[in-house]
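This report walks through a single protein chain, looking in turn at its cysteines, its internal spaces, its aromatic contacts and its backbone. The reader may wish to keep the structure open alongside the text.

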Amino acid sequence: MQLRVFNTLTRKKEKFVPIKPGQVSMYTCGPTVYKPATIGNLRAYVFMDELRRVLEYDGMKVKSVMNITDVGHLVSDGDDGEDKMQKSAKEQGLTPLEIASAITAQFMKDIDALNIKRPTVCPKATDNIPEMIAVVQSLLDKGYAYETEDGIYFSVEKFPAYGKLSGINLEEQRHGARVEVNSFKRHPIDFALWKKAQPNHLQQWDSPWGRSFPGWHIECTAMSVKYLGEQFDIHTGGIDHIPIHHENEIAQGESWLGHKIVNYWLHNEFLLVDGGKMSKSLGNNYLLSDLEAKGFSPLVFRYFCLNVQYRQKINFTWDGMAAAKTAYDKLCAQLVAHKNSPAATDPEIIADFKKKFEEAINDDLNIPLAMGVLWTMLKQPKSKDIYKLALAFDKVFALNFDKVKEAPKEQLDVPADILALAQERLVARKSKNWAESDRLRDEIANRGYLIKDTVDGFDITKK
């Protein structure tokens with residue numbers, strides 16, 4: 001089956017043809033480890049994992065590289081403000097190394113909980129400083145970069161193809177710039193390759209330009225080429241990376257090496273919360289632990305993500321999570337029923353479902369359609385053959401179909417809003433907020449349902 005993917009660079013679906021037959025080299029922009037990853041951040045890594053799993057399902061061997069940014073990512077993408085690592089370290093009274101170590105460990109715990117395969121290599125920026133210095137020096141030597149009082153900058157006007165990923169127009173950017181934030185720049189969107197450090201900066205290294213530290217963009221170029229070679233197949237990330245970070249990667253990388261480095265650029269859309277962006281001020285920067293506190297397992301969040309194609313926005317709501325949990329429980333019950341059946345299914349029917357599943361996943365990772373194939377298949381008469389094929393599909397879904405246990409039958413058809421109230425009540429009970437717990441129990445009863453507490457949580461039955 002031929003995989004087709006939407007290449008941001010060409011703005012169209014293309015057949016995926018790896019540089020080396022049967023082998024795929026893939027780079028993903030990893031986390032900046034100054035604070036825990038939100039569920040919005042984690043959606044990007046679910047996408048990364050789905051892509052890898054589809055490639056592997058298709059029989060390819062994938063070398064996956066994801067960087068850990070532990071220095072150089074400034075508060076503003078326009079090379080303004082403090083380094084995010086330094087800012088977080090000051091706020092918490094810790095060293096950048098302590099912050100990076102703790103947040104990296106939590107991130108790895110989160111992706112493990114989501115059944116996201118760990119990348120083949122996870123290099124840290126701070127372990128690759130010499131490689132970055134070498135790239136910056138080469139760009140200076142070739143005339144693509146210039147030194148100023150505060151750092152080394154890439155001259156975007158020296159790269160005529162600048163804007164080919166995002167469609168940005170340099171002249172419009174120049175005329176549209178009301179005030180240049182950094183007066184050292186020759187063009188408003190020239191970007192920092194290297195920053196000269198103030199004496200009090202917590203992370204700095206010796207370099208040909210004095211004590212200093214890398215810019216964010218140069219890190220990915222240096223590390224992707226180091227671990228994947230001068231040309232590799234796929235680069236992934238969120239759509240927010242397109243206009244600045246990835247555009248800058250292309251410019252500095254191709255200027256450095258003199259040729260195209262990445263063949264396919266793939267980007268996932270945003271995760272919204274209640275129809276809007278996640279925001280610290282709105283208190284909706286939810287972490288995976290916030291979902292777990294409300295009774296939703298990480299795999300329910302993964303299931304929630306899989307029901308929207310990666311290039312579409314996904315709207316997170318608590319009701320949506322409750323509905324996802326209900327659906328996932330139903331799915332598990334159906335799987336168990338097929339697992340326990342001694343009957344068989346016509347091989348032609350099995351082959352047809354397999355074909356439809358493979359067509360879906362190879363059509364730019366149309367995982368929602370593939371999930372629809374699974375649901376249709378589970379409506380067939382109960383059969384061990386259906387269960388075995390579902391396990392094969394789960395090599396892509398990664399929802400632990402081989403570990404499912406039958407959900408209580410009385411909860412299978414509980415409406416999402418009732419289930420959401422029950423989850424709220426569970427949180428109230430865990431917090432020993434008995435008054436709120438009783439209020440929610442009464443509200444559930446007024447809507448026609450009875451809730452019974454169990455060791456694992458609760459059971460719900462119709463009155």
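Cys-29 counts as buried, at 5% relative accessibility. The model in which this residue is seen is a predicted one, and the values that follow should be read with that in mind.

**Cysteines**

Cys-29 sits in the loop between strand E3 (23-28) and H1, and although 209 residues separate Cys-29 from Gly-238 in sequence, the two lie 8.5 Å apart in space, C-alpha to C-alpha. A disulfide is a covalent bond between the sulfur atoms of two cysteines. How many disulfides does the count give? The count comes to zero. For Cys-29, which is in no disulfide, the nearest cysteine sulfur is that of Cys-220, at 3.9 Å, and because a pair must have its sulfur atoms within 2.5 Å to be counted, Cys-29 and Cys-220 are not scored as bonded. Cys-305 is likewise in no disulfide, and the nearest cysteine sulfur, belonging to Cys-332, is 17 Å away. Cys-305 is also buried, with a relative accessible area of 4%.

**Cavities and the largest pocket**

Rolling a probe the size of a water molecule over the atoms shows where empty space is left. In this model the count comes to four cavities of 30 Å³ or more, and the largest cavity has a volume of about 100 Å³. Cys-305, described above as buried, is one of the residues that line the largest cavity, and others include Arg-43, Val-46, Phe-47, Glu-50, Leu-306, Tyr-310 and Ile-367. The elements that give two or more residues to this lining are helix H1 (39-57), helix H9 (298-306) and helix H12 (367-378). The largest share, four residues, comes from H1.

The largest pocket has a volume of about 1100 Å³. Its lining is made up of 40 residues, and those lying nearest its centre are Thr-38, Gly-40, Asn-41, Asp-240 and His-241. Two or more lining residues come from each of H1, helix H3 (96-113), helix H6 (216-228), strand E11 (232-238) and strand E13 (271-273). Here, too, H1 gives the most, with five residues.

The table sets out the two linings by residue class.

| Space | Nonpolar | Polar | Charged |
|---|---|---|---|
| Lining of the largest cavity | nine residues | one residue | two residues |
| Lining of the largest pocket | 18 residues | 16 residues | six residues |

**Aromatic contacts**

Which kind of contact do Phe-357 and Phe-397 form? Among the 19 aromatic pairs counted in the model, Phe-357 and Phe-397 form one that is edge-to-face, with 5.6 Å from centre to centre and 80° between the planes. This pair links distant parts of the chain, with Phe-357 in helix H11 (residues 347-361) and Phe-397 in helix H13 (residues 384-397), 40 residues apart. Both Phe-357 and Phe-397 are buried.

Elsewhere, one aromatic cluster is formed by Tyr-286, Phe-296, Phe-301, Phe-304, Phe-316 and Trp-318. Trp-318 has a further partner, in that the charged end of Lys-294 sits over the ring of Trp-318, 5.0 Å from its centre. The charged end of Arg-311, in turn, sits over the ring of Phe-6, 4.2 Å from the centre of that ring.

**Backbone with positive phi**

Most residues other than glycine have a negative phi, and most peptide bonds are trans. Asp-364, however, has a phi near 55°, a positive value in a residue other than glycine. Asp-364 lies in the loop between H11 and H12, and is it buried or exposed? With a relative accessible area of 0%, Asp-364 is buried.

Ala-398 also has a positive phi, near 55°, and is a residue other than glycine. The loop that holds Ala-398 runs between H13 and helix H14 (416-430), and Ala-398 is buried, with a relative accessible area of 4%.

Methods:
Residues are numbered from 1 along each chain as its sequence is written. This is a predicted model: local features need pLDDT of at least 70, side-chain atom pairs count only at pLDDT 80 or more; totals for chains, interfaces and linings use all residues. Side-chain values use heavy atoms; hydrogens and water are left out. On a 1 Å grid over the protein atoms alone, a cavity is a set of points where a 1.4 Å probe fits but cannot get out, and a pocket is an open set with protein on both sides within 12 Å along at least five of seven lines; lining residues have an atom within 4 Å of a point. Grid points are joined across faces, edges and corners, and a volume is the space filled by probe spheres set on the points. Ala, Val, Leu, Ile, Met, Phe, Trp, Tyr, Cys and Pro count as nonpolar, Asp, Glu, Lys and Arg as charged, and the others, Gly among them, as polar. Buried means under 20% relative accessible area, exposed over 50%, partly exposed in between (1.4 Å probe, protein chains only). Rings of Phe, Tyr and Trp (its six-membered ring) pair if their centres lie within 6.5 Å; planes under 30 degrees apart count as stacked, over 60 as edge-to-face and the rest as tilted. A charge sits over a ring if NZ of Lys or CZ of Arg is within 6 Å of the ring centre and within 35 degrees of the ring normal.
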